[in-house]
Each structure stands twice: as C-alpha cells, then as structure tokens.
Amino acid sequence: MKFIDEVDIEIISGDGGKGCVAYRREKYVPLGGPDGGDGGIGGNIVFEGDEGLNTLHHFRGLKTFRADAGGNGAGSNMQGADGHELVLKVPVGTLIYDIESGNLLADITAHAERFLASEGGRGGKGNAHFKSSTHQTPRFAQNGEPGKSIKLHLELKLLADIALIGLPNAGKSTLISAISAARPKIADYPFTTLEPNLGVVELGDKTLVVTDIPGLIEGAAEGKGLGIKFLKHIERTSALVHLVDCSMFIDEFEAIDAYVTVREELEKFNPDLLNKKEIVCLTKIDAMTEEEIEKFQGCMEEQLDRKVLPISGVSGRNIELLKQLMLRTKEVIQEETKEAQNGK
Ligand SMILES: Nc1nc2c(ncn2[C@@H]2O[C@H](COP(=O)(O)OP(=O)(O)OP(=O)(O)O)[C@@H](O)[C@H]2O)c(=O)[nH]1
Ligand SMILES: [Mg+2]
C-alpha cells in the first residue's frame, strides 16, 4: 500500500562572491601590483535521506530554499569564504523530479543518501588574475556567478504501517477519518470504499501511516467483492486493525462469524497474513447499550482468546487508546525487526 505525499518547491543555490579590485599598498613601494582576491563559491543545495522522517509535511508553507552566497574577495589576495551548503532532509522513499523537464533526478532510497541538486555559483576572479605583461594594473574583477534556481516536485511513496480490515460497512472509513486528516466517502451501504485510502495519524511528534481497505467478504480471496486486489496491499503492511460491527447483531456468535469470515479470507489468500499482529475492535459502540457492549466483548474475548477493544469512530470513545495501541504495535514490530536483523 503506497501513500503519496507531494510538494512543489524552488531551490536556489548560493551566488558566487564577487572578485575584488585592489592594489598592493606597501610603504616605500610606490606602484603596488593588483592583489584583489577571488570571490567564494556559493553554497550547494543537497537532499539527504532521513529515516526519522515519515512525511513531506515540513516543506509545507515554505516554498523557496536558498543557500548562502559566497563571500566577496578582498585585498591582499584574500579569497572570499565559500557559502554553507544547505541540506534538505527528506524521508527515505522520496522521488525528486525537475518540474520543467519532468525528469526524475533522484530517488532517495537509504538513510544518509545524498543528492546534489544545485551547485553554488563560482566565485568571480579578483583583479590579480587579469594582470599580464601588457596589462599591469587591471581595474576590473569578475562578478560571481549567480546561484541556479530549479523548481522541483518531491513525491513520497510510503508504506502503510497498519491496515484497517473488516467486513463491508464495519466502520473502517469512519475510523480513518476520526484518527487522521483523510476524508474518505462514508455511507450506510457495503462497498462504499472502492480504492484504499491513506491517512497519517499523529501522536505527539510520532506518526503512523494507516490505510483503510475496501471491505472483505466471504470469497474475497477468490475474487468476490473488491477483496483480492487489496489483499496484496495488506501483505505489505506491518499490522492489522480488525473492525467488527456488532451494533446490528442479536446473537454474540454472529460477531465471531464476522471475525472468522475475514480471517479465513486472509488465510486463503496467504496464510502468513494470520501471523501479522492484529488489534481487534468492536465498533459503533455508541449505537449499543453498555450491557450489549459487555456481552459482545466478553464473548469475543473468550472465544477468540484475546483482548477486544470496544470503540466508536462517531463518539470518539477509546479512539485515543486505539491510536496509542497502534503506535506501540508499530514500535514493537520495529524493535523485533531490528533484533532479527542484528541476530543474523
Ligand atoms: N453509530 C455509528 N455508526 C457508524 C460508526 N462508524 C461507522 N458508522 C456508520 O456505518 C456505516 C458504514 O461506515 P463506513 O465507515 O463507510 O464503513 P466501511 O467499513 O468503510 O464500509 P465499506 O467501505 O463499504 O467497506 C455508515 O453509515 C457510518 O455512518 C460508529 O462508530 N457509530
Ligand atoms: Mg469504507
């Protein structure tokens, strides 16, 4: 499941510093030669991959990025200082396009990978450079080369950390709109969601990418409903949040059925999907009495032998807790992956 985040920016590398016109002045030396130094080189603009970043949000609002100019040259052959390079950090998975040509310039695929996007202007030569046998005292120096402006389109393809799964109408799209800025279509008929939606969940300074998958029904693994195309996306997420809507059920075993139907489709498609960490939620609890919630939660916990979290995307009940659980699950998976890699 890919989440696309994009932004257009302009980058301008630093201007080269001016060369200097100066002459040597020494006591008792009446005709000092030219000694104006060169200007410094303007700052480069470099992109650098940073695995700590998840989005391109930090570019929003800021449209132009400019590197420092090189310093001007000075007398006594003093060269101007070079401008500092400007490093723009981007998440791993960022594609950088030149807007004018449409060409892909770089694909940042690793932490600390760097791409030199725009070189600073060369410094101008001071008048000391232009001295020749016929031209002993040149009265001119070069200006620095101006920095280059390039308009870029940055595009980030992110893997979703968590997929929301469940039968059609379980409340998946309602939940993603309650926990992120995503605003998918929500309606009281099955198969409202035709394409997966993605949302970034923010918790303090941490983020989590969640995808809302079209509903799965019995036979999804054989292509019924919209399921099969999206089961492939689920394979690439790290964990699942499984939503079970019991608000219309009379019998608790209908809830178990709803849960098992979805799990069986996952298994038929790829048994490994059952090994993914899963948070099970009882949804739409604002439409249930406390007794009903207790009855369904109790039965599911007993039958499935696992914790079940009752939530409501509409009233917001237990939504903060779910967000924290999702983040914790993502972190546990990251820790386990790291340990497994170190163990190799
Ligand atoms: N009372 C109540 N209704 C909800 C809640 N969440 C969803 N609904 C309603 O349930 C219906 C289905 O919600 P969706 O969020 O579209 O469900 P979905 O799982 O995305 O459905 P598909 O995309 O068709 O698979 C809509 O009428 C929602 O308003 C909830 O927490 N409480
Ligand atoms: Mg939906």
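Biologist: Which residues coordinate the magnesium ion (ligand 2)?
Modeller: This is a predicted model. Donors must lie within 2.8 Å of the metal. Two side-chain oxygens sit at 1.9 to 2.1 Å from the ion, OG and OG1. They belong to Ser173 and Thr193.

Biologist: How many residues apart in sequence are the parts that this pair ties together?
Modeller: Ser173 lies in helix α1, residues 172–179. Thr193 lies in the loop between α1 and β10 (197–203). The pair therefore ties together parts whose separation in sequence is 20 residues.

Biologist: Are Ser173 and Thr193 buried or exposed?
Modeller: The cut-off for buried is under 20% relative accessible area, and for exposed over 50%. Both Ser173 and Thr193 fall in one class: buried.

Biologist: Which residues come nearest to ligand 1?
Modeller: There are 22 residues around ligand 1. Ser173 and Thr193, the magnesium donors, are among the nearest. The nearest set is Lys172, Ser173, Thr174, Thr193 and Asp286.

Biologist: What percentage of the accessible area of ligand 1 does the protein cover?
Modeller: Polar contacts reach oxygen atoms of ligand 1. A backbone N or O atom of Thr192 lies at 2.8 Å, a polar side-chain atom of Thr193 at 2.8 Å, and one of Ser312 at 3.3 Å. On its own, ligand 1 has 660 Å² of accessible area, and the protein covers 86%.

Biologist: Is Ile186 buried, partly exposed or exposed?
Modeller: Ile186 is in the loop between α1 and β10. Its relative accessibility is 48%. Exposed needs over 50%, buried under 20%. So Ile186 counts as partly exposed.

Methods: Residues are numbered from 1 along each chain as its sequence is written. Chains are lettered from A and ligands numbered from 1 in the order in which they are written. This is a predicted model: local features need pLDDT of at least 70, side-chain atom pairs count only at pLDDT 80 or more; totals for chains, interfaces and linings use all residues. Side-chain values use heavy atoms; hydrogens and water are left out. Donors are N, O and S atoms within 2.8 Å of the metal (3.2 Å for Na, K and Ca); water is not among the atoms, so sites may look incomplete. Helices (H or I, at least four residues) and strands (E, at least two) are DSSP runs, numbered from the N terminus. Buried means under 20% relative accessible area, exposed over 50%, partly exposed in between (1.4 Å probe, protein chains only). A residue is near a molecule or strand if one of its heavy atoms lies within 4 Å of it. A polar contact is a pair of N or O atoms within 3.5 Å; within protein, one must be able to donate a hydrogen and the other to accept it, and residues adjacent in sequence count only if both atoms are side-chain atoms. Accessible areas come from the Shrake-Rupley method with a 1.4 Å probe; for residues, only the protein chains shown count as cover.
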